[in-house]
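Work through the exercises below with the structure open beside you. Try each task before reading its solution.

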Amino acid sequence: MIGKKVERIFYEPTENILTSRNDVVTLREEDSLLHAILVLSNSGFQTIPVLDNKDRVRGLISISMIITNCEDFNAYNSDILNQKKVKDIMNQVVPILFNDFQLEDVLRLIIDNNFICITQRDGYFEGIITRKTILERFTNIAHNLESRYKLVAKEKTYADS
């Protein structure tokens with residue numbers, strides 16, 4: 001369990017660690033793979049969320065997924081890429097937390113993911129929490145903890161052995 005004091009410092013200077021959905025590059029399930037390649041190559045992101053027509057998270061897509069799944073067709077044929085849909089190849093395993101998440105859950109998931117999708121209980125996409133944001137917050141703690149707090153080592157007890 002994360003200590004309350006560490007959690008309080010983590011949320012300084014602001015409690016908002018969420019990148020709003022308005023600032024996140026996304027694709028729709030029905031978008032073509034050609035459109036996906038264009039969006040991904042212009043976004044600078046390796047992987048982005050895929051939403052349905054009700055703004056619910058349905059998957060993740062990356063250029064590497066597109067290329068890997070293009071074995072049975074020519075990846076350079078724009079006609080085929082225009083016919084194939086994002087939903088045909090997207091990864092449906094998505095790291096998701098609800099908007100009432102606990103910091104402990106974020107840390108558990110962010111270890112293996114570049115970002116975590118945050119949704120309402122009905123799946124409506126609210127935004128993402130990035131690994132970069134989490135690392136920046138803990139870097140801030142590492143640099144400032146001793147200058148702001150007096151740390152005193154506890155005596156080692158039999159239970160600590």
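Four exercises follow, each with a worked solution.

This is a predicted model, in which local features need pLDDT of at least 70, side-chain atom pairs count only at pLDDT 80 or more, and totals for chains, interfaces and linings use all residues. Residues are numbered from 1 along each chain as its sequence is written, and side-chain values use heavy atoms, with hydrogens and water left out.

**Exercise 1. The sheet**

Task: Give the strand order of the open sheet of three strands, and find its edges.

Solution:
- Step 1. Identify the strands: they are DSSP runs (E, at least two residues), numbered from the N terminus, as are helices (H or I, at least four residues).
- Step 2. Read the order: the sheet runs 2-3-4, with mixed pairing.
- Step 3. Find the edges: strand 2 and strand 4 each pair on one side only. Two strands pair if DSSP finds at least two bridges between them.
- Step 4. Look at one pair: strand 3 and strand 4 are antiparallel, over five bridges. One example is Thr-47, whose bridge partner in strand 4 is Ser-62.
- Background: strands of a sheet pair through backbone hydrogen bonds, either parallel or antiparallel.

**Exercise 2. The salt bridges**

Task: Trace the salt-bridge network that contains Asp-55.

Solution:
- Step 1. Apply the cut-off: a side-chain nitrogen of Lys or Arg lies within 4 Å of a carboxyl oxygen of Asp or Glu. The whole structure has eight salt bridges.
- Step 2. Take the pair Arg-21 and Asp-55: their closest N and O atoms are 3.1 Å apart. Arg-21 lies in the loop between strand 1 (19–20) and strand 2, and Asp-55 in the loop between strand 3 (47–51) and strand 4 (57–62), so the pair ties together parts 34 residues apart in sequence.
- Step 3. Add Arg-28: its side chain meets that of Asp-55 in a salt bridge (2.7 Å, N to O). Arg-28 lies in strand 2, so this pair ties the strand to the loop of Asp-55, 27 residues apart in sequence.
- Step 4. Join them: Arg-21, Arg-28 and Asp-55 are linked in a network.
- Step 5. Check accessibility. Buried means under 20% relative accessible area, exposed over 50%, partly exposed in between (1.4 Å probe, protein chains only). Asp-55 is buried because its value is 16%. Arg-21, at 22%, is partly exposed. Arg-28, at 32%, is partly exposed.

**Exercise 3. A loop residue**

Task: Is Ser-32 buried or exposed, and which residues does Ser-32 contact?

Solution:
- Step 1. Locate Ser-32: it sits in the loop between strand 2 (27–28) and helix 2 (33–43).
- Step 2. Read its accessibility: the value is 10%, so Ser-32 counts as buried.
- Step 3. List the contacts (heavy atoms within 4.5 Å). Leaving aside neighbours within four places in sequence, Ser-32 touches Leu-81, Asn-82, Lys-84, Lys-85 and Val-86.

**Exercise 4. Two helices**

Task: Name the residues where helix 5 meets helix 6, and sort them by type.

Solution:
- Step 1. Take the helix 5 side: Val-106, Leu-107 and Ile-110.
- Step 2. Take the helix 6 side: Arg-131, Ile-134 and Phe-138.
- Step 3. Sort them: five are nonpolar, none polar and one charged. Here Ala, Val, Leu, Ile, Met, Phe, Trp, Tyr, Cys and Pro count as nonpolar, Asp, Glu, Lys and Arg as charged, and the others, Gly among them, as polar.
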